[in-house]
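Reader: I should be grateful for a close look at a single part of this structure, namely its salt bridges. Please describe the residues that take part and their surroundings in turn.

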Amino acid sequence: MSASAASGRGEEIWRPKGNPWIIAVAVSLAAFMEVLDTSIANVALPHIAGNLGASNDESTWVLTSYLVSNAIILPISGWLVGWLGRKRFFLTCIVFFTISSLLCGMAPNLALLLLFRVMQGAFGGGLQPMAQAILGDTFPPEKRGLAFALYGITAICAPAIGPTLGGWITDNYSWRWIFYINVPVGALALALVYQLVEDPPYMARLKQRLSGFDFIGFSLLTVGVGALQIVLDKGQEDDWFGSHFITTLVVVAAVGLVSLILWEWFQKEPIVDVRLFKNPNVAASNLMFLMLGMALFSSTVLMPQLLQTLMGYPAQKAGMVLSAGALVVLVVLPMVGKLTTRFQARYLIAFGWLCLAASMYISCKQIDLLMSFRSATVLRVWQYVPVAFLFVPLTLAGYVGLPAEKTNAAAGLTNFMRNIGQSVGTSAVTTLIARRSQYHQSVLAGYTTSARFHDATTALAMRLTTAGLSVDAARRQALARMYALVQSQAAVLSYVEVYWLLAMASAVMFLASFLLKRNEPGKSENVSVH
């Protein structure tokens with residue numbers, strides 16, 4: 001609806017009093033802090049386990065507990081905003097996220113650390129969607145692309161920076177400082193948000209409509225999403241359906257989530273507004289955010305895992321490969337934000353998926369054990385740049401034709417789908433790598449009876465004998481090295497296959513991009529009045 005049409009109906013387009021770009025920096029700072037915490041603790045798990053007297057398996061619950069509570073809060077953040085007011089909800093999340101971060105750093109044992117991580121994940125769950133919703137209300141439609149580009153820095157770059165920063169802090173100081181650094185950042189974000197952020201007028205109308213808390217919906221959400229997140233995080237570790245625990249959780253997750261959708265669909269005031277999926281753009285953009293989360297985190301897991309496990313890179317050097325891609329995206333995101341004022345979002349999205357498919361296909365051809373650091377870095381940049389062309393226009397596309405009162409709920413669903421995509425992607429990648437490596441190893445083992453393999457082993461044994469080993473020791477050493485080579489080549493083939501699957505999935509999403517509704521770049525006619 002245009003501004004003139006709005007004024008003709010006695011309505012005004014609301015805009016905050018403060019500078020919108022300072023507001024954008026303030027809310028993005030809070031979101032960056034939360035997104036960083038989803039990955040910064042990964043490399044510190046062995047240190048946490050050793051310091052707190054826990055096993056490595058027990059320490060992984062430090063990640064799982066955070067992800068579970070975070071995933072539960074994300075989809076209901078829209079309802080919580082209507083209940084508390086957006087500014088109050090955002091401030092509450094910042095305050096308790098910062099406090100729980102401090103408590104995590106001070107935790108004397110694993111049990112208390114897990115409790116504080118649950119708190120941290122729960123209060124952090126409101127920061128991402130609220131930052132996105134505040135940006136959507138603060139900026140006029142023609143400038144939203146640039147604003148969402150700033151927000152994209154938090155969602156895209158923070159997961160890549162997290163492991164590198166976490167490794168550096170842990171190696172040079174202590175694992176506790178990966179939590180303590182949130183305290184000054186949280187205090188700064190709190191002061192800025194308190195001074196600058198305002199609630200738009202429609203928030204008062206939202207609060208008046210709420211009649212009560214949907215306990216049944218919340219219970220189904222907690223059970224379904226909690227079980228699903230544990231399955232995704234622990235499935236490969238516990239051998240999936242070979243584990244009674246995982247099988248039970250799969251059934252619980254399926255029943256809980258299906259029941260949640262059916263229950264919420266017919267509720268007058270649902271805690272999760274699943275009826276938003278009746279909007280084709282909301283449904284399509286959420287599906288693409290799910291796929292984007294899978295592709296983004298899959299590639300983020302694949303490259304450092306390949307470099308560390310097969311090529312002997314230390315964690316910090318592998319992290320530098322990821323960080324290079326993130327630094328390039330920092331430059332590309334504002335450019336994409338500017339392009340959204342000139343081109344339809346669906347065309348930019350189609351271009352992004354096409355480039356992502358091409359980059360994953362190139363990765364299939366370039367990945368091998370002789371790859372240099374420079375080649376790995378260039379590949380990572382190629383994989384990461386297309387994400388910038390997806391994140392910003394996808395966020396814009398999700399708002400096309402959406403009433404202002406629904407933006408908070410839509411932001412919560414969008415971030416929830418992306419986070420679930422990240423969990424699915426990480427779980428799928430680790431499982432595929434393990435299973436396909438076993439398959440390729442069994443196939444390659446069939447060639448160990450060939451004359452060429454025998455000749456290569458004999459030649460290697462002779463070189464080892466010349467180096468000073470006995471004949472028997474040289475033969476055993478030669479066989480061990482050849483077996484290690486078979487294992488490495490089998491693993492590389494599994495990485496190639498995963499990149500091929502990501503390329504195919506991106507190509508399918510390229511075709512689906514044209515199902516999105518058209519928007520009018522640089523105009524506000526297709527956006528509801530606030």
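Author: In this predicted model, Arg86 is buried, its relative accessible area being 1%. The side chain of Arg86 meets that of Asp137 in a salt bridge, with a distance of 2.7 Å from N to O. Asp137 has a relative accessibility of 0% and therefore also counts as buried, the cut-off being under 20%. Arg86 belongs to helix H7, which covers residues 86-106, and Asp137 to helix H9, which covers residues 127-138, so this pair ties together parts that stand 51 residues apart in sequence.

A search of the whole structure finds two salt bridges. The other pair joins Arg436 to Glu497, whose closest N and O atoms are 2.7 Å apart. Arg436 lies in helix H20 and Glu497 in helix H22 (residues 471-512), so the contact ties together parts that are 61 residues apart in sequence. Here the surroundings are as follows: Arg436 is partly exposed at 28% relative accessibility, and Glu497 is partly exposed as well, with a relative accessible area of 25%.

Helix H20 also has a part in a pocket. The second largest pocket has a volume of about 380 Å³, and among the 19 residues that line it, Leu257, Ile261, Phe277, Phe416 and Met417 are the closest to its centre. Two or more lining residues come from each of the helices H14 (215-234), H15 (244-265), H16 (280-309) and H20 (407-445). Helix H20 gives the most, with five residues. By class, the lining of this pocket has 18 nonpolar residues, one polar residue and no charged residues.

Technical notes. Residues are numbered from 1 along each chain as its sequence is written. This is a predicted model: local features need pLDDT of at least 70, side-chain atom pairs count only at pLDDT 80 or more; totals for chains, interfaces and linings use all residues. Side-chain values use heavy atoms; hydrogens and water are left out. On a 1 Å grid over the protein atoms alone, a cavity is a set of points where a 1.4 Å probe fits but cannot get out, and a pocket is an open set with protein on both sides within 12 Å along at least five of seven lines; lining residues have an atom within 4 Å of a point. Grid points are joined across faces, edges and corners, and a volume is the space filled by probe spheres set on the points. Helices (H or I, at least four residues) and strands (E, at least two) are DSSP runs, numbered from the N terminus. Ala, Val, Leu, Ile, Met, Phe, Trp, Tyr, Cys and Pro count as nonpolar, Asp, Glu, Lys and Arg as charged, and the others, Gly among them, as polar. A salt bridge is a side-chain nitrogen of Lys or Arg within 4 Å of a carboxyl oxygen of Asp or Glu. Buried means under 20% relative accessible area, exposed over 50%, partly exposed in between (1.4 Å probe, protein chains only).
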